[in-house]
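Colleague: I have a model open and would like to learn how to read its features. Could you take me through it?

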Amino acid sequence: MMAPFSLMSVGVNLLVKSLGLFSTASVVRCSCVAPVLKRFSTTTGGPPKRPLTAYMTYVKEMHPTISRQNPGVKNVDIVRKLAQQWKMLTPEQKQPFQDASLTSKEHYKLAVEKYKAQLTPAQTAALATEKRQKVAKRKAIRRKKELNSLGKPKRPRSVFNIFMSEHFEEAKGNNIQTKMKSLRDDWERFSATQKQMYLQLAEDDKVRYKNEIKSWEEHMIEIGREDLVRRKERRAIKAKATKDRKKKSKVTVLKAKAPKKETETAVKKTVKSTKK
């Protein structure tokens, strides 16, 4: 992130009175200096960093003072307190920070244009590729969170994964890499008989996943989330649902016809008895 921008002393004094963050003696005056932009050249290689939002400008400006006034308090607690105080500010109290953020955005746009102008075609293409990769990564993260919230079953574990989870703590080594190497070596030394138990567990986990994913995908179709169902399974589930509906409608029709036949039989019996 860019360095925090200095705010007008009027804005700070307003916050001092409204929030009681500082004593009169401990007020740190801020100059009215415009935000200083970093100079970018072909030697730096990096694009301009995004500007701070109004809230982040407030946090950056106030965090040092709050830290000095509350020694020993964890950083996360200080940030939480600042977040609560930001919500309590009036629009007028937030205005200096919003002005600083707006100025930052304008300078950022100019810096980006200047940075792009000095790039070679190859560098421009590389940046575009990097941007696509970042977007794809964010989409994948959001999709994973969504699937977890919808309760999608976990995929079946591999044979080695099951073995590793059972023996990781007792494996030799002081870090993950050495432990993993030790576990691989142990697995390679196992006989076919020793591996059989883990093979069976892996097969059982496949069955578990197959049953759970089938039920989950059927439920996804029911709630209108066909986009989360595998294409092949989507067709199979739809075909089964259509077949079940046809079967159900056929049974309904047969039930509806049954009383009619019984009525006709009763009428015929009545007519015969009348003739007699």
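Modeller: We will go from the overall fold to the pocket, one helix and the aromatic rings. Keep in mind that this is a predicted model.

Colleague: Start with the fold. How many helices and strands does the chain have?

Modeller: The chain has 9 helices and 0 strands. Along the sequence the pattern reads α-α-α-α-α-α-α-α-α. The chain counts 276 residues, and buried residues make up 25% of them.

Colleague: Now pockets. How is empty space found, and how much lies in the largest pocket?

Modeller: The general idea: rolling a probe the size of a water molecule over the atoms shows where space is left empty. Here, the largest pocket holds about 630 Å³ of space. It is lined by 16 residues, and the closest to its centre are Pro-47, Arg-50, Tyr-108, Leu-127 and Lys-131.

Colleague: Which elements give two or more residues to that lining?

Modeller: Helix 4 (91-117) and helix 5 (121-149) do. Helix 5 supplies the largest share, with 8 residues.

Colleague: What is the lining of the largest pocket by class?

Modeller: It has 9 nonpolar, 1 polar and 6 charged residues.

Colleague: Let us stay with helix 4. What should I look for in a helix?

Modeller: Begin with the repeat. An α-helix has 3.6 residues a turn, so residues three or four places apart point the same way. Then check span, bend and burial. Helix 4 has 27 residues and reaches 38 Å from first C-alpha to last, close to the 39 Å expected.

Colleague: Where is the kink in helix 4 centred?

Modeller: On Phe-97, with a kink of about 30°. Phe-97 is also one of the buried residues of helix 4. Others among them are Ala-100, Ser-104, Tyr-108, Ala-111 and Tyr-115. Tyr-108 came up before, as one of the residues closest to the centre of the largest pocket.

Colleague: Next, aromatic rings. How do I describe a pair?

Modeller: Use the distance of the centres and the angle of the planes. The structure holds 12 aromatic pairs. Take Trp-187 and Tyr-198: their ring centres are 6.0 Å apart and their planes stand at 75°, so the pair is edge-to-face. The cut-off for that label is over 60 degrees.

Colleague: Which parts does the pair of Trp-187 and Tyr-198 tie together?

Modeller: Trp-187 lies in helix 7 (residues 176-189) and Tyr-198 in helix 8 (residues 192-222), so the pair ties together parts 11 residues apart in sequence.

Colleague: Is Trp-187 buried or exposed? And Tyr-198, buried or exposed?

Modeller: Trp-187 has a relative accessible area of 11%, so Trp-187 is buried. Tyr-198 is buried too, at 5%. Tyr-198 also pairs with Phe-190: 6.5 Å centre to centre and 40° between the planes, a tilted pair. Phe-190 counts as partly exposed because its relative accessibility is 24%.

Colleague: Which residues form one aromatic cluster?

Modeller: Phe-160, Phe-163, Trp-187, Phe-190 and Tyr-198.

Colleague: Last topic: residues apart in sequence. How far apart in space are Trp-86 and Ala-54?

Modeller: Compare the two separations. Trp-86 and Ala-54 are 32 residues apart in sequence and 9.9 Å apart in space, C-alpha to C-alpha. Trp-86 sits in helix 3 (residues 75-88). Trp-86 is buried, with a relative accessible area of 11%.

Colleague: Where is Ser-158 placed?

Modeller: In the loop between helix 5 and helix 6 (159-167). Ser-158 counts as partly exposed, at 42% relative accessibility. Its C-alpha is 9.2 Å from that of Leu-201, with the two positions 43 residues apart along the chain counted as their separation.

Note on methods: Residues numbered from 1 in each chain as written. Predicted model: local features only at pLDDT ≥ 70, side-chain atom pairs only at ≥ 80, totals over all residues. Heavy atoms only, no water. 1 Å grid on protein atoms, 1.4 Å probe; cavity = no way out; pocket = protein on both sides within 12 Å on 5 of 7 lines; lining within 4 Å. Points joined across faces, edges and corners; volume = space filled by probe spheres on them. Helix = DSSP H or I, 4+ residues; strand = E, 2+ residues; numbered from the N terminus. Nonpolar A, V, L, I, M, F, W, Y, C, P; charged D, E, K, R; others polar. Expected span 1.5 Å × (residues − 1). Bend = angle between axes of the 7 residues up to and from the residue. Buried < 20%, exposed > 50% of the residue type's maximum accessible area, 1.4 Å probe, protein only. Phe/Tyr/Trp six-rings, centres within 6.5 Å; stacked < 30°, edge-to-face > 60°.
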